[in-house]
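This report introduces a structure to a reader who has not met it before. It treats the domains, the ligand and one strand residue in turn.

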Amino acid sequence: MSTPFAVDLIDIWKRFPGVVANAGATLQVKQGSIHAVLGENGAGKSTLMNVLAGMYRPDSGEIRIGGSQFWFRSPSDALAAGIGMVHQEFKLVPSFTVAENVVLGSADRIIRRSSIESQVEALAKQFGLNIDPARPVWQLSMGERQRVEILKTLWRNAQILIMDEPTAVLTPGEAEELGSVLREMANTGRSVIFISHKLHEVKEFSDEATVLREGKTVAASLRVEDTDTSKLAGLMVGSSPVTTDRPPDREHGPSLLEVRGLEALDDRYLSAVRDFNLDVHSGEIVGIAGVSGNGQRELAQAIAGLRPVKSGTITINGDDLTHALPVERFRAGLGYVPEDRLGVGLAPRLSVIENAILRNYKQLRQGPLLVEEKMSTYCEDIVNKFGVRTGPLNEPIAGLSGGNLQRLLVGRELSGEPKVLVAAQPTRGLDVQGVKAIQDLLVAERAAGVAVLLISEDLDELLTLSDRLLVMHSGKIVGEFDPVNAERQDIGAAMAGGAQG
Ligand SMILES: Nc1ncnc2c1ncn2[C@@H]1O[C@H](COP(=O)(O)OP(=O)(O)OP(=O)(O)O)[C@@H](O)[C@H]1O
Ligand SMILES: [Mg+2]
């Protein structure tokens, strides 16, 4: 007899109002292996993982763990069966320390506070997770927060770790590190299932891959060694992959976004952006490259009015808006796509319609009242134009897949017909088609004369789309490059804080 699979999901069905998220999906994961789950936005990956982790009960289908059948009624049932999940959006208590977050809620182990830290530290060491157990979570980078989430599952002795798009929030260096942590877990006999849209990572990190399309498994347990990224991409979309071409050169108009001598602070009140000067012209895409955590986030937030400016000025379309409210900036022609979709960009408990009109409700008013019909038409336009896959529009957006949330957000911001668009990581977490759709939108905005500031961790994206490329390090611009002729090594050196372009 052969050894049973660590995880065996058989013919899983899961419906939500108006959507079939899983339509007979299967997944078989071997013990001690790293298994990638692939598929386009909305293919049903997160849903299937939530079924496995006990968050959702499937309408039908079978869950086998190590050969035995299970019915999970809650995540704690799944955890008892050895299954731990790290979600796309982290669930940590910001004011608690790393160690406190790790042990929080695991009532089965009562230990003295003083020894918690050293035990958490030992566990972290064992798997090569680099983290200080005494630091409060609010001070941590996204990569560090993720390590806390992983530690939480290890602390609870998970034998099967599920990670939903773990590298979407990581820098290339952090992603490498995660790869070796996952390998270490597999080496200790655990199984890792991870969702990713980045095919080169799938190739690099995983042993096997399963591809979902429209809720069904279209390729099961492919040996990653024997496949290549274009084959995987083809399986995901059911046709050959798409790429974005460099848009043709065009004349720039007047400068629409001017930043002069900007200083902005981070959440620890340290200066995150310093001596920052920037001009973005009408019809121009200026790209900002850099390792995340070098002030990009704070720069975008300062321009959007979500972070106070310590000194310097921000001018949008000729108006000094340095200290203006976000809504005043929106009216002055600023569109803003934040990197933190569910924190800043969208309100999870509000409906698709409410989220769609959040910025632009003034237009839809008649006297003091919002006109319901206008609201839903406005929302439908966005949903259709930007290809948002959603159930009923009056349901909360919490159920939308990551990629569909992003489309809704970008759609909303572009519907305000901005003159200046600040886009922070706009294609993060999107599938191949989704990336292309958003990139095409940015190029179209440029052609329409919008001044676009594109902040991205994807160097290929920046090199393809930008008219000028700036590199940020320690809150400053440390290099400016011509994307057509620049050498990657030179850009990389600037990102590391080295040579000037
Ligand atoms: N709780 C929910 N309520 C309603 N609809 C949902 C819910 N969860 C998922 N859906 C819908 O089910 C479909 C599959 O979503 P899922 O989140 O599983 O996709 P995904 O493959 O993880 O996509 P992405 O790559 O964008 O994260 C989508 O159409 C989504 O809108
Ligand atoms: Mg998902």
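In this predicted model, domain 1 and domain 2 bury about 1,600 Å² between them, and carbon and sulfur atoms give 52% of that area. On the side of domain 1, Asn41, Gly42 and Thr171 supply 28% of the area that this domain buries against domain 2, more than any other three residues. The two parts of the chain are domain 1, which covers residues 7-237, and domain 2, which covers residues 255-495. Their centres, taken over C-alpha atoms, are separated by 29 Å. The contact takes 20 residues from domain 1 and 21 residues from domain 2.

Both domains also take part in surrounding ligand 1: at least three residues of its shell come from each of domain 1 and domain 2. The shell holds 21 residues, of which Gly42, Lys45, Ser46, Thr47 and Ser401 come nearest to the ligand. Gly42 thus appears in two settings, being one of the three residues named for the area that domain 1 buries against domain 2 and one of those that come nearest to ligand 1. By character, the shell around ligand 1 divides into 6 nonpolar, 11 polar and 4 charged residues.

Oxygen atoms of ligand 1 are paired with polar atoms of the protein as follows.

| Residue | Protein atom | Distance from an oxygen atom of ligand 1 |
|---|---|---|
| Gly44 | polar backbone atom | 2.9 Å |
| Lys45 | N or O atom in the side chain | 2.7 Å |
| Gly403 | polar backbone atom | 2.9 Å |

On its own, ligand 1 has 640 Å² of accessible area, and the protein covers 89% of this area. The elements that give two or more residues to the shell around the ligand are strand S2 (19-29), helix H1 (45-52) and helix H14 (402-415). Helix H1 gives the most, with 3 residues.

A further point of detail concerns Glu263, which is placed in strand S11, residues 255-265. Which residues does Glu263 contact, leaving aside its neighbours within four places in sequence? These partners are Ser271, Val273, Val309, Lys310 and Ser311. With Ser271, Glu263 forms a polar contact of 3.2 Å between the two side chains. Val309 is 46 residues apart from Glu263 in sequence, yet their C-alpha atoms are 6.2 Å apart in space.

In summary, domain 1 and domain 2 meet across a buried area of about 1,600 Å², and each of the two gives at least three residues to the shell around ligand 1.

Terms used
Residues are numbered from 1 along each chain as its sequence is written. Chains are lettered from A and ligands numbered from 1 in the order in which they are written. This is a predicted model: local features need pLDDT of at least 70, side-chain atom pairs count only at pLDDT 80 or more; totals for chains, interfaces and linings use all residues. Side-chain values use heavy atoms; hydrogens and water are left out. A residue is near a molecule or strand if one of its heavy atoms lies within 4 Å of it. A polar contact is a pair of N or O atoms within 3.5 Å; within protein, one must be able to donate a hydrogen and the other to accept it, and residues adjacent in sequence count only if both atoms are side-chain atoms. Accessible areas come from the Shrake-Rupley method with a 1.4 Å probe; for residues, only the protein chains shown count as cover. Helices (H or I, at least four residues) and strands (E, at least two) are DSSP runs, numbered from the N terminus. Ala, Val, Leu, Ile, Met, Phe, Trp, Tyr, Cys and Pro count as nonpolar, Asp, Glu, Lys and Arg as charged, and the others, Gly among them, as polar. Domain bounds come from an automatic or database domain assignment. Contact means heavy atoms within 4.5 Å. Buried area is the accessible area (1.4 Å probe) that two parts lose on being put together, summed over both.
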